[in-house]
Amino acid sequence: MTATLSETLNAADLSPAQRRGLIARFQALADDEIVLAQRDGEWTGHAPILEEDIALANIAQDELGHASLYLELRRELDGSDPDRLAFFRDAGEYRCARLVELPRGDWALTMLRQFLYDAAEALWLDAAQASRYAPLAGVAAKALREEKFHLQHSALWAERLGRGTPESARRAQTALDTLWPHAAQLFALLPDEADLVAAGLLPDPDAVRDRWEALVGGHLRDRCDLDVPPLPGAGEGREVHTAHLAPLLTEMQAVARAHPGAGTW
């Protein structure tokens, strides 16, 4: 029997093509979270003030928690091991966006990147609550509350930097100019994903991007006094990475790869 567009679906209801498409999207979402968490974690012990050292470490932990949720969604579809996916794939197998791969830079770059990413994730999760794939709708509702706190935090930092001192404003604008060309990739369809959007299984990325541009552009211009250029195209797909990803993974995966048979610690 063919499901109608008003019916919710579970794993057993999916076609093979739908299953493959969801696996690819869940992996891309998880990879974004894993890599961004690693970048944020590099500030542990180095943030400008103690409260932010703790706050950013907590945000990094939350992002890893979201990655775990997406990898569990994938596990339900193909039985894959989340730890193997995180620690035993090379850069060429990762499907993260290039935005999250860039080096941490200064505090302005880290906070502006977090703001751009938090806004994109919060809006995607908000739309994903209406997914016909019931497990995704449940995860979206669970993660959205945390993501709204992340967005509130990074939006305040963007404003503080943009309207702080001439030096902080200069750094904020430099950070935005560096990050902006990579932002559109967050909303690019994966191959064969259009059918999943049409079937109501995944959010419409164009609609999410439109909401993101209005939210982010308005905040950066009106609350941060920054110049916001037109959003360029998404560029090459997620199989193409910057030179920064491989060394990040080498460091992140070092312990797991040194003890590949370790089941417990």
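This is a guided tour of the structure, stop by stop, with a suggestion of what to select at each one. The model is a predicted one, and the residue numbers used here count from 1 along the chain.

**The nonpolar core**

Begin in the interior by selecting L112, W212 and L220, the residues that touch the most other members of the largest nonpolar core, a set of 81 residues. Then colour helix α5, residues 107-128, since this helix supplies the largest share of that core, with 15 residues. Keep L112 selected and display its surroundings: leaving aside neighbours within four places in sequence, L112 is in contact with A158, L161, A172, A175, L176, L179, L220 and L226. L220, one of the three residues picked out at the start of this stop, is thus also among the contacts of L112.

**The largest cavity**

Next, select R25, L29, A120, W124 and L186, which lie nearest the centre of the largest cavity, out of 18 residues that line it. The elements that give two or more residues to this lining are α1, α5 and α9, and it may help to show these three helices as ribbons while the lining side chains are drawn as sticks. A search of the whole structure finds one cavity of 30 Å³ or more, and the space in the largest cavity comes to about 230 Å³. What is the make-up of the lining of the largest cavity, in nonpolar, polar and charged residues? Twelve of the lining residues are nonpolar and six are charged, while no polar residue takes part.

**The largest pocket**

Move now to G21, A24, L190, P191 and D192, which lie nearest the centre of the largest pocket, among the 21 residues of its lining. The elements that contribute two or more residues to that lining are α1, residues 16-41, and α8, residues 194-198, with α1 giving the largest share, five residues. About 370 Å³ of space lies in this pocket, and its lining divides into nine nonpolar, five polar and seven charged residues.

Stay on D192, and turn on the backbone. D192 lies in the loop between α7, residues 166-183, and α8, and the residue has a positive phi of about 65 degrees although it is not a glycine. D192 counts as exposed because its relative accessible area is 68%, where exposed means over 50%.

**A second residue with positive phi**

For a comparable backbone feature, select D225, in the loop between α9 and α10, the latter covering residues 245-258. The phi of D225 is near 60 degrees, again a positive value in a residue other than glycine. Is D225 buried, partly exposed or exposed? With a relative accessibility of 48%, D225 counts as partly exposed.

**Salt bridges**

The last stops concern charged side chains. Side chains of opposite charge can pair when their charged atoms come close, and a search of the whole structure finds 15 salt bridges.

Select R39 and E42, whose side chains meet in a salt bridge with an N to O distance of 2.8 Å. The two partners fall into separate accessibility classes, because R39 counts as buried at 7% relative accessibility, whereas E42 counts as partly exposed at 24%.

Select R74 and D78 next, a pair whose closest N and O atoms are 2.7 Å apart. Both residues lie in helix α2, residues 50-78, four residues apart, about one turn of the helix. Here R74 is buried, with a relative accessible area of 17%, while D78 is partly exposed at 35%.

Go on to helix α9, residues 205-223, where D206 and R209 lie three residues apart, about one turn of the helix. Their side chains meet in a salt bridge at 3.7 Å, N to O. D206 is partly exposed, with a relative accessible area of 40%, and R209 is also partly exposed, at 27%.

Finish by selecting D106, E167, R170 and R171 together, since these residues are linked in a network of salt bridges.

Notes
This is a predicted model: local features need pLDDT of at least 70, side-chain atom pairs count only at pLDDT 80 or more; totals for chains, interfaces and linings use all residues. Side-chain values use heavy atoms; hydrogens and water are left out. A nonpolar core is a set of buried Ala, Val, Leu, Ile, Met, Phe, Trp, Tyr and Cys residues joined through side-chain atoms within 4.5 Å. Buried means under 20% relative accessible area, exposed over 50%, partly exposed in between (1.4 Å probe, protein chains only). Contact means heavy atoms within 4.5 Å. On a 1 Å grid over the protein atoms alone, a cavity is a set of points where a 1.4 Å probe fits but cannot get out, and a pocket is an open set with protein on both sides within 12 Å along at least five of seven lines; lining residues have an atom within 4 Å of a point. Grid points are joined across faces, edges and corners, and a volume is the space filled by probe spheres set on the points. Ala, Val, Leu, Ile, Met, Phe, Trp, Tyr, Cys and Pro count as nonpolar, Asp, Glu, Lys and Arg as charged, and the others, Gly among them, as polar. A salt bridge is a side-chain nitrogen of Lys or Arg within 4 Å of a carboxyl oxygen of Asp or Glu.
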